[in-house]
Amino acid sequence: MRIQLIFISLILAFLPIAVFAGDGHDHGHGHSHGPVTQEKAITTATRIVTNMVNQGVIEESWKSVQATSAEQKEFGGQSEWVIVFNNKKVTDAAKQMLYVFLTIDGRYLAANYTGK
């Protein structure tokens, strides 16, 4: 009787997991879903710039800046999205252009002021 009770308890404990494990959702395995569109790359890069402002990495004025370009470029044999933001409010001319790099499928790689 005790073994049956343990067995039933285990089944009931894991039942909610089975209910939520249906089709139609991402398991976060890191597999690619193919290239993102230019529009999606810009949206993602804009969100990254906003996060950088919120974390104090770059000036507050970057929050209102929109992307000036988004292109696919080759780096080390790999295609990447390079999204460029231009902020004339930044006094240091060397830091007026911000480049955000994403994988071709839209994952963040890096951001810098050089574009390299």
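Which backbone nitrogen lies 3.0 Å from a polar atom of the side chain of Asn87? Keep that in mind while touring this predicted model.

**Stop 1: the sheet.** Select the strands. There are 4, forming an open sheet in the order 1-2-3-4, with antiparallel pairing. Strand 1 (67-75) and strand 4 are the edges; each has a single partner strand, so one side of each lacks a neighbour in the sheet. From one strand to the next, the twist averages 20°.

**Stop 2: strands 1 and 2.** Select 67-75 together with residues 78-86, which are strand 2. The two run antiparallel and are joined by 8 bridges. Pick out Phe75: Gln78 in strand 2 stands opposite.

**Stop 3: the loop after strand 2.** Select Asn87, in the loop between strand 2 and strand 3. Asn87 has a relative accessible area of 2%, which means that Asn87 is buried, since the cut-off for buried is under 20%. Now show what surrounds this side chain. Neighbours within four places in sequence aside, Asn87 is in contact with Ser61, Trp62, Val65 and Gln96. Next, add Lys89 to the selection. The opening question is settled here: the backbone nitrogen of Lys89 lies 3.0 Å from a polar atom of the Asn87 side chain.

**Stop 4: strands 3 and 4.** Select residues 97-103 for strand 3 and 108-112 for strand 4. This pair is antiparallel too, joined by 4 bridges. Phe101 stands opposite Ala110 in strand 4.

**Stop 5: the turn.** Strands 3 and 4 make a hairpin, with 4 residues between them. Finish by selecting Gly106 in that turn, where phi is positive, at about 95°.

Technical notes
Residues are numbered from 1 along each chain as its sequence is written. This is a predicted model: local features need pLDDT of at least 70, side-chain atom pairs count only at pLDDT 80 or more; totals for chains, interfaces and linings use all residues. Side-chain values use heavy atoms; hydrogens and water are left out. Two strands pair if DSSP finds at least two bridges between them. Axes are lines fitted to C-alpha atoms, for helices over the stretch in contact, and angles run from 0 to 180 degrees between N-to-C directions. Buried means under 20% relative accessible area, exposed over 50%, partly exposed in between (1.4 Å probe, protein chains only). A polar contact is a pair of N or O atoms within 3.5 Å; within protein, one must be able to donate a hydrogen and the other to accept it, and residues adjacent in sequence count only if both atoms are side-chain atoms. Contact means heavy atoms within 4.5 Å.
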